[in-house]
Amino acid sequence: MSEVQSRFHEPVGQMVTPRRNRVDLHTHTTRSDGVLDPERLYADMREYGMRVVAIADHDTLAGYRELRAAGRGAAAGPEGPQLIPAVEINSIADRALREMGVQLEEGELHILGFGVDADDERLEARLASQRGSRRTRLLLIIEALRRLGKPIDDEIAPALETLEALGRPHIARAMVEAGHVASVQEAFDLWIDRHGPAYVPRQGLATRDAIDAINESGGICVLAHYPAAPEQPALIELLLGWGLRGLEVHYRRFLPETVERMAAFAAERGLIATGGSDYHGDGMSYAEAQATTFVPNEVGERLLEALAAQPARSG
Ligand code: AMP
Ligand code: ZN
Ligand code: FE
Ligand code: FE
């Protein structure tokens, strides 16, 4: 992967933010693999002066529901930013996609679903099954690490006991705690990324099914952090046929030229553009992440308009 498209290694992202960012449509909380709990993240968002935000936890709407129940985020104001219900499904590329020979991160495409119905039982059942697969995968990774002489059983125990939507960041943090690695990034680089000795492939929804699940719940599907999109029009065409509606253009870790190409491509194809920090909380504060995130205000407005125009969910 070229430096322009680099996702996980610094220095990346936009170097200078022309003005304070107010829109962040991609964040994670402790309800999945983020570090801050929903109330704390929302408080940090308010503190920073955000206007439109989305929590897009992996395979769960629990964080959104928690904030909604506390009366947060119905509209933007001094009480805090407007909060859009969202979810991120890390889907396994269907055979049809793999056979196109396109560039895929770990054989996956990450689908963001904006405006899904947080009370939809059918969607919840699908997400619950995803969370079950996450747990199974994590247990296999823990076992692999044990075999490799890097046990994390004690350090991972609290996460296994209390959390529902587990992910490799939990493994990485436990490895840091156990003293096996110096940082979360090192845990990925040396042990658990696709090339790592403790890598275990994901089980769960295929891309087409993930798109269906979101659409059937009244959501808008957006392809997350896929910088190769402009070079893969056939892939995008196929996904559009399956019900994709947008592209994550203003992603924090994209370089300015990547954002520019993505924005032009999205505009050309009539795709909804979204953007955000993908903040997980490792190694930086929310404010620090915002300093390298730039999502135009119009992007938030356009998404809200598209959501307002959405028909109610089917089925
Ligand atoms: P999982 O859902 O268990 O596959 O974990 C995915 C999450 O791990 C992503 O949302 C990222 O936060 C993080 N992640 C994935 N790959 C890497 C990597 N190579 N380096 C650092 N973090 C990563
Ligand atoms: Zn994550
Ligand atoms: Fe993702
Ligand atoms: Fe994410």
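**View 1. Spacing and coordination of the iron ion (ligand 3) in the predicted model.** The donor residues of the iron ion (ligand 3) follow the sequence pattern E-x21-H-x114-H, and the atoms that coordinate the metal are OE of E88, ND1 of H110 and NE2 of H225, at 2.0 to 2.2 Å. E88 belongs to strand β3 (residues 82-92), whereas H225 sits in the loop between β5 (220-223) and α9 (233-242), so that distant parts of the chain, 137 residues apart, are linked. Both E88 and H225 are buried.

**View 2. The iron ion (ligand 3) and the zinc ion (ligand 2).** A distance of 6.0 Å separates the two ions in this model.

**View 3. Salt bridge between E124 and R65.** The side chains of these two residues meet at 3.6 Å, N to O, and the pair links helix α4 (residues 121-147), which holds E124, with helix α2 (residues 62-69), which holds R65, across 59 residues. E124 is partly exposed at 22% relative accessibility, and R65 is partly exposed at 24%. R65 and E124 also take part in a network of salt bridges with R131 and E164.

**View 4. E216 with R122 and R126.** The side chain of E216 forms a salt bridge with that of R122 at 2.9 Å, N to O; because R122 lies in helix α4 and E216 in helix α8 (residues 207-216), this pair ties together parts that are 94 residues apart in sequence. A salt bridge also joins E216 to R126 at 3.1 Å, N to O, and here the partners, in helices α8 and α4, are 90 residues apart. E216 is partly exposed at 23%, as are R122 at 45% and R126 at 24%.

Terms used
Residues are numbered from 1 along each chain as its sequence is written. Chains are lettered from A and ligands numbered from 1 in the order in which they are written. This is a predicted model: local features need pLDDT of at least 70, side-chain atom pairs count only at pLDDT 80 or more; totals for chains, interfaces and linings use all residues. Side-chain values use heavy atoms; hydrogens and water are left out. Donors are N, O and S atoms within 2.8 Å of the metal (3.2 Å for Na, K and Ca); water is not among the atoms, so sites may look incomplete. Helices (H or I, at least four residues) and strands (E, at least two) are DSSP runs, numbered from the N terminus. Buried means under 20% relative accessible area, exposed over 50%, partly exposed in between (1.4 Å probe, protein chains only). A salt bridge is a side-chain nitrogen of Lys or Arg within 4 Å of a carboxyl oxygen of Asp or Glu.
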